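Trainee: Could we go through this model slowly, with the reason behind each term spelled out?

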Amino acid sequence: MTASDQPAISANHLVRRFGSFTAVNDVSFRVQKGEIFGFLGPNGSGKTTVIKMLTGLLPLSSGEATVQGIDVQADPESVRENIGYMSQNFSLYTDLTVTENLKFYGRIYGLSAERLRERMDAIIELNGLGPYLNRLSAQLSGGWKQRLALGCAMLHEPKLIFLDEPTAGIDPVARRQLWDLLFELSAHGITFFVTTHYMDEAERCSHVAYIYFGKVIADGTPDALRELPEVNPPGTYRVEISAPHVTSALRFARTVPGVRSSTIFGQSIHALIDDHLDLDHLRSQFLNNNVAVAEIRPLAPSLEDVFVELTYRHQAVQEAPRG
Amino acid sequence: MVNPFRGFGAVFYKETLHVRRDFATLFFSLIIPILQMFLLGFGIDTNVRQINTVVYNADGRRESRELLDRLRNSDTFHLYRFVNNDRDLNDAIISGKCRVGIKIPVDYSDKLLHNMSAQVLVLIDGSDSSVAGQAINVTTAIGLDESLRRVLATSDSAFAVDMRPKILFNPDSRSPNFFLPGLTAVLLLNVTTFLTAFSIVREKERGTLEQLFVTPVRPMGLLLGKLLPYLCIGFFELCMIVFAMRFIFSVPIHGNVLLLAFLSLPYIFVSLSLGILISSKATSQAHAMQLAFLTILPSIFFSGYIFPRETMPKFFYVLSYFVPASYFINITRGIILRGAGWSHLWVDGLALFLMGSFLLVTAARRFHNKVIMA
């Protein structure tokens with residue numbers, strides 16, 4: 001295998017135990033170079049633990065991982081030289097200016113004065129930080145703080161950047177702009193490992209994994225995940241039902257034979273329907289029982305549907321031996 | 001090749017920026033010890049003088065009044081109250097109004113005139129040992145002196161033994177001379193321990209420490225980068241304290257000031273390292289403050305600052321060797337009061353340096369493990 005087609009991250013059977021509690025349970029995945037890898041999961045499911053293991057902050061109980069081709073356990077220092085990391089609270093020094101924050105991180109990575117100047121110019125240009133150079137970072141808005149933090153994380157030109165919930169608590173415009181920036185950088189061959197709670201962000205990733213109580217239960221491109229047989233059981237299809245009174249419509253939908261599962265999504269219901277119950281039939285069920293519906297139409301599963309479905313199945317598997 | 005001091009320059013650069021940006025706050029934290037020094041330096045007199053004394057003079061004649069005059073002139077007693085019965089005498093002491101009670105019996109003058117031994121009762125409140133000790137010494141001395149004069153008056157011989165005590169180094173027993181060199185050690189410890197402890201715990205609270213651990217910074221580089229700027233600040237604080245001591249409290253410095261300055265560096269180093277060790281344990285600034293306070297009382301009581309180390313029970317005497325302030329108080333008193341030089345004090349300086357290095361390495365290891373275990 002040549003260096004160029006080596007994956008950016010290769011995690012094989014990662015296990016991390018804290019006493020009797022297994023936080024990360026046999027997690028394996030591969031992130032290819034240039035991907036935007038979305039790592040999703042509920043709080044406490046082990047996302048941060050996996051990041052700590054991959055950045056050499058936490059030893060593995062078993063398994064092995066290479067990051068940028070470097071064995072994490074053998075040489076964590078080299079791993080840290082070659083990655084960027086941005087934590088969810090941006091971790092800037094609020095009493096230092098934008099320039100000073102950048103200079104500090106540049107020096108940490110041991111950039112020469114000349115290279116530091118070059119890189120700072122490039123990053124200021126790319127992130128549009130120009131007008132704020134002498135402002136204390138405490139006075140920046142959330143979006144600008146995040147751009148500065150990202151700038152600090154990529155001063156030393158890492159080919160792989162970890163972003164731990166980069167968009168938590170910032171406004172939608174800044175969120176959109178960050179993603180535009182990530183796409184641009186990714187086109188230049190930089191790999192991103194992003195954790196997030198936002199499903200729309202997950203949809204934008206080129207590769208997604210979902211971790212649930214220490215186990216990866218989904219791993220693939222968003223399109224591939226949407227087509228998983230577990231999510232689209234044979235003999236079923238998905239519909240979106242819009243109704244003026246969603247909650248009463250949901251209550252009714254759950255009593256209709258042939259409706260397998262149903263959840264509220266904003267002003268509509270997403271439901272999984274058996275094939276024998278066609279759309280007209282379904283609509284007449286509602287009308288016959290005086291439940292108002294505006295529209296019923298077929299729908300491709302969203303990533304959220306995928307994760308909900310897989311989580312249910314996973315829970316069922318977990319509980320089966322006990323019952 | 002891993003450089004164990006990786007990141008030192010960057011952290012040093014950043015830390016000096018923090019200091020410059022928030023110089024006002026820092027300056028106030030440096031002024032407070034000077035204010036404390038003013039309070040203690042002007043307010044505390046370690047010499048026992050003018051003890052409130054109650055007198056029951058049942059005799060009342062010339063001889064008894066002469067004795068009272070001698071007590072008064074010793075400057076030790078303040079004859080504050082005169083009573084006419086034993087009950088009031090006892091009462092004045094129990095109520096705490098007077099520390100010493102003197103009862104001159106009704107036959108005092110008669111006995112003296114008949115060359116018999118006259119007794120004077122001296123009641124002493126033992127609840128403050130330094131007051132009691134001084135009262136015993138002075139009354140006994142006055143009694144002896146009075147007796148000798150009377151004995152000698154009837155013969156021609158001179159004093160057989162004449163003790164001539166001479167106090168070296170602080171002949172006037174000026175309190176500030178004795179008090180302030182020790183206080184320097186305590187004040188310096190207070191300020192510097194908090195400087196590093198807070199600086200690191202603040203980074204923990206903000207999450208920036210976690211960020212640093214994902215960079216190639218090594219624990220030693222981080223800690224030394226934090227320590228060095230504060231070493232300069234601690235040194236500046238020492239200079240302010242010594243300046244105030246010399247020019248405001250007029251404490252003469254008998255030894256070499258440059259030696260004092262030089263030997264203060266390992267002491268500041270120890271207390272900064274102690275602050276760093278505290279920060280490796282503390283999770284919040286309040287927690288760090290509690291831990292730092294834990295170190296302050298032993299530094300005051302087991303360092304010889306107030307009570308001489310030599311009179312401590314064996315266990316505590318050994319313990320006092322582990323209190324950094326012990327060494328530095330020896331250094332300050334040595335240089336300032338006794339004019340001691342390098343040959344007398346290098347051991348203390350070395351001991352401090354070793355303690356500081358030990359604390360720093362321990363802290364670095366703790367941070368290294370914390371990175372791994374966090």
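Mentor: What follows is a talk about a sheet and an interface in a predicted model.

Trainee: What makes strand 1 and strand 2 of chain B a pair?

Mentor: Two strands need at least two bridges between them to pair, and five bridges join strand 1 (residues 51-57) of chain B to strand 2 of chain B, so they count as a pair, and they run parallel. Within this pair, Ile51(B) stands opposite Phe77(B) of strand 2.

Trainee: Why are strand 2 and strand 4 of chain B called edge strands?

Mentor: The open sheet has four strands in the order 2-1-3-4, with mixed pairing. Strand 2 (77-82) and strand 4 (121-124) of chain B are its edge strands because each pairs on one side only, where pairing takes at least two bridges. From one strand to the next, the twist averages 25°.

Trainee: Which strands of chain B does helix 3 of chain B touch?

Mentor: Helix 3 (residues 62-73) of chain B packs on the sheet and touches strand 1, strand 2 and strand 3 (100-104) of chain B, while its direction makes about 135° with that of strand 2. Helix 6 (residues 129-153) of chain B lies across strand 1, strand 3 and strand 4, running at about 165° to strand 4.

Trainee: How do you know that chain A and chain B are in contact?

Mentor: Contact asks for C-beta atoms, placed from the backbone, within 7 Å, and 19 residues of chain A meet that limit with 23 residues of chain B, so the chains are in contact. Helix 3 of chain A gives the most to its side, with four residues. That side of chain A divides into nine nonpolar, four polar and six charged residues.

Technical notes:
Residues numbered from 1 in each chain as written. Chains lettered and ligands numbered in written order. Predicted model: local features only at pLDDT ≥ 70, side-chain atom pairs only at ≥ 80, totals over all residues. Axes fitted to C-alpha atoms, helices over the stretch in contact; angles between N-to-C directions. Contact = placed C-beta atoms within 7 Å. Nonpolar A, V, L, I, M, F, W, Y, C, P; charged D, E, K, R; others polar.
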